[in-house]
Amino acid sequence: QVQLVESGGGLVQAGGSLRLSCATSGSSFVINAMGWYRQAPGKQRDLVATITSGGSTNYADSVKGRFTISRDNAKNTVFLQMSSLQPEDTAVYYCTVVVIMPKVGAMDYWGQGTLVTVSP
C-alpha cells in the first residue's frame with residue numbers, strides 16, 4: 001500500500017510564494033515519476049509539473065519560470081516551489097507518483113489534495 005501526504009497549501013497574496021510537499025510512504029515499491037496537478041473550481045484537473053527518477057522536469061506553460069519541482073529520493077518526497085503566484089493559480093493541488101511494484105508493475109497514486117488560494 002502506498003500513501004501520499006501533502007502539505008504546504010494555504011492563502012497567499014498575489015506575488016507571494018508557497019512551497020508544497022508530498023511525502024510517499026509504504027513498502028515494496030520503487031518510485032518512478034512524481035508530479036503535481038491542479039484543479040480550479042469548475043475546471044478539469046491539469047498538469048502542473050513532473051519530474052522523472054533521473055531528475056528531468058516538465059512544466060505547464062502557465063507556470064514555467066515561476067514554479068520549480070524537485071524531489072528528495074532518500075525521503076520519497078516531491079516538492080513544488082511556487083513563486084510570483086497569481087489569482088489564476090488558485091486551485092486544489094494534487095501530487096501523484098508512479099511506482100513500480102513487484103509482480104504488479106507500474107501503478108499511479110494520488111494525494112488527497114491541498115488548497116492554494118491566491119488573493120488579488
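1. Q112 is placed in the loop between β10 and β11 (114-119). The model is a predicted one, and the points below should be read with that in mind. With a relative accessibility of 49%, Q112 counts as partly exposed, because the class of exposed residues begins over 50%. Leaving out residues up to four places away in sequence, Q112 touches L4, V5, E6 and Y94. The C-alpha atoms of Q112 and S7 are separated by 9.9 Å, although the two residues are 105 apart along the chain.

2. Y94, one of the residues that Q112 touches, also has a charged side chain over its ring. R45 lies over the face of Y94, at 3.7 Å from the ring centre. R45 lies over the face of W110 as well, in that case at 4.9 Å from the ring centre. Both Y94 and W110 should therefore be viewed together with R45.

3. W110 takes part in an aromatic pair, and the structure holds 1 such pair. Its partner is Y37: the ring centres are 5.1 Å apart and the planes stand at 65°, so the arrangement is edge-to-face. The pair links distant parts of the chain, with Y37 in strand β4 and W110 in strand β10 (residues 105-110), 73 residues apart. Y37 is partly exposed at 24% relative accessibility, and W110 is likewise partly exposed, at 35%.

4. How many salt bridges are there? The count comes to 3. One of them joins R38 and D89, whose closest N and O atoms are 2.9 Å apart. R38 belongs to strand β4 (residues 30-39) and D89 to the loop between β8 (77-82) and β9 (91-101), so this bridge ties together parts that are 51 residues apart in sequence. R38 is buried, with a relative accessible area of 12%, and D89 is buried at 1%.

5. D89 forms a salt bridge with R66 too, the closest N and O atoms being 2.7 Å apart. Here the loop between β8 and β9, which holds D89, is tied to the loop between β6 (57-59) and β7 (67-72), which holds R66; the two parts are 23 residues apart in sequence. Both D89 and R66 are buried. R38, R66 and D89 are thus linked in a network of salt bridges.

6. The salt bridge between D61 and K64 has its closest N and O atoms 3.1 Å apart. Is D61 buried or exposed? D61 is exposed, with a relative accessible area of 64%. In the network, by contrast, D89 and R66 are buried, and R38 is buried.

7. R66 is also among the contacts of Q81, a residue of strand β8. Apart from neighbours within four places in sequence, Q81 is in contact with S17, L18, R19, R66, F67 and T68. The C-alpha atoms of Q81 and T68 are separated by 5.0 Å, the two residues being 13 apart along the chain. Q81 is partly exposed, with a relative accessible area of 31%.

8. The largest pocket contains about 170 Å³ of space. Its lining is made up of 13 residues, and those closest to the pocket centre are R38, A40, K43, D46 and E88. R38 therefore appears twice in this note, since it is also a salt-bridge partner of D89. The elements giving two or more residues to the lining are β4 and β5 (45-51).

9. Two residues deserve a look at their backbone. Most residues other than glycine have a negative phi. N76, which is not a glycine, has a positive phi near 50°. N76 sits in the loop between β7 and β8 and is partly exposed, at 27% relative accessibility.

10. Where is S84, which has a positive phi of about 50° although it is not a glycine? S84 is in the loop between β8 and β9, the loop that also holds D89. S84 is partly exposed, with a relative accessible area of 38%, whereas D89 counts as buried at 1%.

Terms used:
Residues are numbered from 1 along each chain as its sequence is written. This is a predicted model: local features need pLDDT of at least 70, side-chain atom pairs count only at pLDDT 80 or more; totals for chains, interfaces and linings use all residues. Side-chain values use heavy atoms; hydrogens and water are left out. A salt bridge is a side-chain nitrogen of Lys or Arg within 4 Å of a carboxyl oxygen of Asp or Glu. Helices (H or I, at least four residues) and strands (E, at least two) are DSSP runs, numbered from the N terminus. Buried means under 20% relative accessible area, exposed over 50%, partly exposed in between (1.4 Å probe, protein chains only). Contact means heavy atoms within 4.5 Å. Rings of Phe, Tyr and Trp (its six-membered ring) pair if their centres lie within 6.5 Å; planes under 30 degrees apart count as stacked, over 60 as edge-to-face and the rest as tilted. A charge sits over a ring if NZ of Lys or CZ of Arg is within 6 Å of the ring centre and within 35 degrees of the ring normal. On a 1 Å grid over the protein atoms alone, a cavity is a set of points where a 1.4 Å probe fits but cannot get out, and a pocket is an open set with protein on both sides within 12 Å along at least five of seven lines; lining residues have an atom within 4 Å of a point. Grid points are joined across faces, edges and corners, and a volume is the space filled by probe spheres set on the points.
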